[in-house]
Amino acid sequence: MTPIITAFAQSPDRGRGLARDMRVRWALEEVGQPYQVRLVSFSEMKQAAHLALHPFGQIPTYEEGDLCLFETGAIVLHIAERHQGLLPADAKARARAITWIFAALNTVEPVILDLTTAKLLEGDKPWSQERLPLVEERIRTRLGQLSDYLGDADWLEEGFSAGDLMMVSVLLRLRASGLLDEYPNLWAYVARAEERPAYQRAFAAQKAVFTSRQQADGHQP
Ligand code: GTB
């Protein structure tokens with residue numbers, strides 16, 4: 001059964017692979033599972049048909065027959081559990097890989113999202129510039145800890161896993177800030193993941209949505 005995911009019809013990231021459907025596309029590409037994409041506008045995301053799939057009116061969602069999932073952590077874990085390639089067979093190694101999915105989403109992503117909030121939503125507040133260094137220091141704390149753990153290894157545990165997929169997806173949000181450049185092993189970790197053919201296919205697929213939209217709107221390629 002071919003799963004159907006939802007993605008932004010007009011992604012604000014302009015095809016840079018930062019919207020969260022990218023993690024789901026990447027997981028599906030890693031395991032070789034074909035998928036379909038239903039594009040939704042911002043207004044459609046808040047209407048009843050989409051809210052029936054996602055109570056918070058967001059993307060991505062994942063439909064597989066009568067199963068509908070939301071939350072990228074749950075979706076990626078579901079894909080990883082049902083296919084070979086994203087979780088080790090050994091039970092303890094598998095539990096460690098799953099631990100890194102949660103670490104990415106619960107421990108690393110929140111401090112990174114706070115930077116987006118500070119810049120995009122609070123940038124015009126009088127206290128914004130004063131708060132920014134605190135937000136960046138919290139990110140540096142987490143990046144330093146992650147960098148120490150990774151050391152000179154290629155991946156967080158033995159071999160690439162769904163934990164790396166999620167961690168890299170989260171770290172990519174930092175690229176424009178320059179903070180990742182302060183940790184050469186993390187920078188190389190992200191670059192290594194981006195070189196994976198599955199990542200490249202997922203990136204190209206989400207970028208094609210933006211490009212075709214541009215062409216439909218009459219922009220030059
Ligand atoms: N915890 C949920 C999950 O992991 O699935 C979070 C889902 C989520 O935040 N979805 C966002 C959404 O639907 C899209 S990815 N937002 C619309 C809304 O809430 O109304 C977040 C995102 C948006 C834009 C960029 N960007 O422009 O770079 C990057 C990421």
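A residue is called buried here when its relative accessible area is under 20%, and that cut-off is worth having in hand for helix α4 (residues 72–82) of this predicted model. In α4, the buried set is made up of Thr72, Gly73, Ile75, Val76, Leu77, His78, Ile79 and Ala80. That is eight of the 11 residues in the helix, so α4 counts as mostly covered by the under-20% definition. As for what does the covering, the buried residues of α4 pack against two strands, β3 (61–64) and β4 (67–70), and against the helices α1 (21–31), α5 and α7.

Stepping back to the whole chain, the protein has nine helices and four strands. Read from the N terminus, the order of elements is β-α-β-α-α-β-β-α-α-α-α-α-α. The radius of gyration is 18 Å, close to the 17 Å given by the globule rule for 221 residues, so the protein is as compact as a globular protein of that length. Along the principal axes, the C-alpha atoms fill a box of roughly 50 × 40 × 35 Å. Of the 221 residues, 46% are buried. The accessible surface adds up to about 11,500 Å², with carbon and sulfur atoms contributing 54% of it. Contacts also reach well along the sequence: among those with a separation of 6 or more, 67% link residues 24 or more positions apart.

Two of the helices that pack against α4, namely α5 and α7, also meet each other. The axes of α5 (residues 91–121) and α7 (residues 162–171) come within 7 Å and cross at roughly 10°. With a crossing angle under 35 degrees, the pair therefore counts as roughly parallel. On the α5 side, the contact is made by Ala97, Trp100, Ile101, Ala103, Ala104, Leu105, Val108, Glu109 and Ile112. The α7 side brings in Ala162, Gly163, Met166, Met167, Val170 and Leu171. Sorted by character, the residues of this contact come out as 13 nonpolar, one polar and one charged. Glu109 of α5 is the charged one and Gly163 of α7 the polar one, because Glu is classed as charged and Gly as polar.

The loops hold a few backbone features of their own. In the loop between α3 (48–51) and β3 sits Pro60, which is joined to Ile59 by a cis peptide bond with omega at about 0°. His54 belongs to the loop between α3 and β3 as well. With a relative accessible area of 2%, His54 is buried. Leaving aside residues up to four places away in sequence, His54 touches Pro60, Thr61 and Phe70, so the proline of the cis bond is one of its partners.

Positive phi angles turn up at two residues that are not glycines. Arg14, in the loop between β1 (4–8) and α1, has a phi of about 55°. Its relative accessibility is 52%, which makes Arg14 exposed. Glu71, in the loop between β4 and α4, has a phi of about 75°. At 42% relative accessibility, Glu71 is partly exposed. Glu71 thus leads into α4, where Thr72 and Gly73 are among the buried residues.

Terms used
Residues numbered from 1 in each chain as written. Predicted model: local features only at pLDDT ≥ 70, side-chain atom pairs only at ≥ 80, totals over all residues. Heavy atoms only, no water. Axes fitted to C-alpha atoms, helices over the stretch in contact; angles between N-to-C directions. Parallel < 35°, antiparallel > 145°, perpendicular 65-115°, else oblique. Contact = heavy atoms within 4.5 Å. Rg over C-alpha atoms; globule rule 2.2 N^0.38 Å. Buried < 20%, exposed > 50% of the residue type's maximum accessible area, 1.4 Å probe, protein only. Areas by Shrake-Rupley, 256 points an atom, 1.4 Å probe, with all protein chains shown as cover.
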